[in-house]
Amino acid sequence: MLLIRNNTCSIYRLQCLLFFCRKTSKNISISSSTKLNCTLTKFIDSKQYEEALKQFDQQPHLHTDLNIDMAIKACTMLHDYKRGINILQKLSSKSLSNNSIQISLIRFYLECRDVDNAVRLFSSITNKSNYMYTAMFKGLRSNGMNEKIIDLLEEMKIQPNKFTLTLSFHACAQVATARAVKIGQRLLHNLLDNSCNDDILLSAAAHMLSKFCDMVNAERVYKLIKKKNIIMCGGIMQGYIDKKMFEKALNLFEQMNCELDHVAYTMVFNACAKLGGDRAITIGNKLVKELPDNCQSSTTTLNSAIHMFMTFGDIKRAERIFQIISKKDVITYGTMMKGYIQNEMFEKSLDLFEHMNCELDHAMYTIAFNVCAKLGNDRAITIGNKLFNELSDSCKSNKVILTSAMDMFMKFDDIQKAESVFQIIPKKDAITYGAMMKGYIQNEMFEKSLDLFEHMNCEVAHAIYTMVFNACAKLGSDRAITIGNTLFHELPDSCKNNTAILTSAMYMFMKFGDIENAERVFYLIQDKDTIFYGALMNGYNMNDAPEKCLKVFEAMKQHNVVPNENTWTILIGAYSQIAMIRECEYLVSQIPPHILKNQRVQTALIDMWGKCGSVKEAKHVYNLVSEHDTFTYGAMINAFGLNGMGCESITTYRQMPNNLRDDISHISVLNACSHAGLLLEAQAIFNEVSVKTEKITGTMIDCYSRMYLIDEAQKLVDDYEKTNSPSFIMYMSLLSGARNSHNTILSEKIYNRMLSLFPDKKDALMSGMILVSNTYSSLGEDELAYDFRSHHEKKLGTHARVGLSWTDANGEIVKFSAHDRSHSSSLKIQAEIGRMTTELIEHGHQFNSSCITRRLNDGETVESILMGHSEKIAIAFNFIQEPIPEFIQVRKNLRVCFDCHAATKLLAKIRQRDIIIRDANRIHHFQRNGQCSCLDHF
């Protein structure tokens, strides 16, 4: 019994001991787990994530939800996806439902770019908190998946807190689609309804609105922020810059009362660069002088300062800043090179490129190729080729680099190399095709440009439409007309409001002579600006319809569209075609004084006054020009030449520096010599010209032909054709010389040669046929003249151009054709023609029958036919005006005939009126003494 009692007591003591041991073990375990948590916290706080995970892995028996959560955080910070997944696999279902662990796992997945698992886990959670949304939004934002944030926002069932709202505003700002704008505005509306006063949240909302380009509301929200810091101010400032509201950006900058950081300096420098002008230059200069030391070591800030000074054209200041940058990177060099390019200092840009001591990036290759393309000299060609040949494999697969290389080779006229670059580009897009087409157009290979367009296998970009329309306009062939019309009729709606596309389409139709379709394009445009009006007016000028151009100008005034420098230049061009002094005076009276000081406008005015016969006014404008360039010299030389003032034309040419002389100035002075009979002077100038182009040689041939030196003219033609294709202009000059020499055999010989060389130039050959016919008539061989003309009219299948003349009276421009009786004052005009005929005969005028190239009809006389010429009708119209104008001015579309020239000289003397006639070649000033400025050399 005693033994049983002792055993029982022993068992009880053993049970008590076991219970105590269990309790002690549990307490020891809890204590150890807490200790592990503290250890992990200490390591994570000190960013010793590897050590934290090492401690976690060594004590698996102490793992709790809390230290598992910390281990996942450590994996997240290390981006250690494998270890994180291993930990995840050890989690119980209970642990997986722990909110803290769920948030940590979402962060882990998203930080390790496993978006799918993050979304899957997030979707499985039923009671989502703002903390979960914040973790999800942050992770998606770091993965650039702002659209997904907006998707979740639309599904969100709880009221967002300030953290989720801030992230939501940032997401909407980044996406900025119609959906994002709608959601962002809804969130903001709810926020403002609750009288939010959280500055960070309001700053995010203001930033979002600025990204939406809603600067009015962005300003309103910005004003609600009580304590504005540099980041908040910078967000609004960037919004102004993005919307090109540079003045407002500078206004905000000047109102800021917080310390600037390098980002703010960069933004202000960029705003100053974009704005330009005195205010921007003052602010930019002041800011650079006050730049703190910490910003003077910021390459980004200094790069933006370089860009600003380069935009101001202050090269020296930009260079000084460049020199103080101790560690110049490729961006610094690129900024400097781009600045030199912007200021057209291409050689300096190449110098800098050759002294670079850092590795080239893709952008630098593009800049270097662009510089070489701009220069196009031997040095640039050498550098460009060397650079291309040394391109790395990664660069040879870069579309942007290859496209700029292709453009460079096109500028070098190395078409074959450009084509080979084009071929190696694997995935050609609209930009690639556009660059190649542009190169063909620049090299006047318009057919190749259209060939490439027809083989395009990508969507047509806006720029392509413009290029194709321009190529079609330049060609003007049947194929070009077909392609141009088809492309325009298939134009998508998105292109029908594009200024550049519609302007180029209008230009194309005008070049086709299709005024009706060009006008249709014009009327398609809803908001017509100066550019569109100018394009239409220019088209009318191209099609010899300057009167229509004047009507467009009146329409501009009615719609309060203010003409710019380009519009005035086009208008002046229209008045140059009209060539009436009184009309030109009216135009000049309307041009604003500041426009009259513009050199481009002044050049156009010199040309206009010269073409309407007022050399005095042309010279007056010429003297006002502060610094003469190629164009002003050329305009004045031509003005003198047109008006028979050959010596003055030569004097101006000799005053022109050699480096400014171009083809046009050479042609103008030689033409002046030709019309004034200054052969020796023409020969001297021609011999001085190093590169004798087709037009220069053609003008010299014309000079010889007018002086009856047909052999010398023919020798020039023969020499030219040794290395060039025959020129129609040269043969027309030869033919004109044969006509002046009354040499019918030579005339027919030259004309037959023209028929064989230029069989497709039917309209131009018609002019040649008339010269041959006139040659027969000048010898009294009227039947031969008539037979020759009728035969070749049938052969060519066309008719001679109708002679037209224009004159002005009482502010009205009137047009007459030969034997015109359509005018309301026709009876008075005919009566005046009768009086003129009588006076001419009384003063000894003999009507020149050689100027008639057809048989007389019944009832016709030589006098009646010749007095029916359009210029004589125009002169008669002036003589019936009350009062008769002090001077009479006529413009004719053809050359004035010998009879009209002789009759007008006599009429000027009889009626004591100065008469100015501008024909197809020159201007005749018929003076009251019976002389003409051309001295009968026409």
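In the predicted model, helices α46 and α47 run roughly antiparallel to each other. Helix α46 spans residues 710-721 and helix α47 spans residues 728-740. Their axes come within 10 Å and cross at roughly 165°; because angles over 145 degrees count as roughly antiparallel, the pair falls into that class. The crossing of α46 and α47 is left-handed.

A second helix pair is formed by α30, residues 462-475, and α32, residues 499-511. Here the axes lie 8 Å apart and the packing angle is about 15°, which makes α30 roughly parallel to α32. As with the preceding pair, the handedness can be assigned: α30 and α32 cross in a left-handed manner.

The protein chain is divided into four segments by domain assignment, namely domain 1 (34-127), domain 2 (346-426), domain 3 (692-800) and domain 4 (806-932). Taken over C-alpha atoms, the centres of domain 1 and domain 2 are separated by 52 Å.

Annotated features were then considered. An unreviewed UniProt entry places the feature "repeat: PPR" at residues 329-359, 429-459 and 529-563. Over residues 429-459, helix accounts for 71% of the chain and strand for 0%, and the end C-alpha atoms are 8 Å apart. Over residues 529-563, the corresponding values are 74% helix and 0% strand, with 9 Å between the end C-alpha atoms. The annotation "domain: DYW", likewise from an unreviewed UniProt entry, covers residues 844-937. Residues 844-937 comprise 31% helix and 16% strand, and the C-alpha atoms at the two ends of this stretch are 21 Å apart.

Cysteine pairing was examined next. The structure holds 0 disulfides. For Cys472, the closest cysteine sulfur is that of Cys495, at 15 Å, which is too far for a bond. Cys472 is buried, with a relative accessible area of 0%. Cys703 is likewise in no disulfide; the nearest cysteine sulfur, in Cys673, is 6.4 Å away, whereas a disulfide requires sulfur atoms within 2.5 Å. Cys703 is also buried, its relative accessible area being 1%.

Several backbone features were noted in loops. Most residues other than glycine have a negative phi, and most peptide bonds are trans. Cys213, although not a glycine, has a positive phi of about 65°. This residue is located in the loop between α12 (199-211) and α13 (215-224), and its relative accessibility of 37% makes Cys213 partly exposed. His819 also has a positive phi, of about 60°, without being a glycine. The loop that contains His819 connects β2 (812-817) and α51 (826-842). With a relative accessible area of 39%, His819 is partly exposed.

A cis peptide bond joins Glu882 and Pro883, with omega at about -5°. Pro883 lies in the loop between helix α53 (870-879) and strand β3 (887-892).

Methods
Residues are numbered from 1 along each chain as its sequence is written. This is a predicted model: local features need pLDDT of at least 70, side-chain atom pairs count only at pLDDT 80 or more; totals for chains, interfaces and linings use all residues. Side-chain values use heavy atoms; hydrogens and water are left out. Buried means under 20% relative accessible area, exposed over 50%, partly exposed in between (1.4 Å probe, protein chains only). UniProt positions are given in the numbering used here, feature names are shortened, and annotations may be inferred rather than shown by experiment. Helices (H or I, at least four residues) and strands (E, at least two) are DSSP runs, numbered from the N terminus. Domain bounds come from an automatic or database domain assignment. Axes are lines fitted to C-alpha atoms, for helices over the stretch in contact, and angles run from 0 to 180 degrees between N-to-C directions. Angles under 35 degrees count as roughly parallel, over 145 as roughly antiparallel, 65 to 115 as roughly perpendicular and the rest as oblique. A crossing is left-handed if the near helix is turned anticlockwise from the far one by less than a right angle, and right-handed if clockwise.
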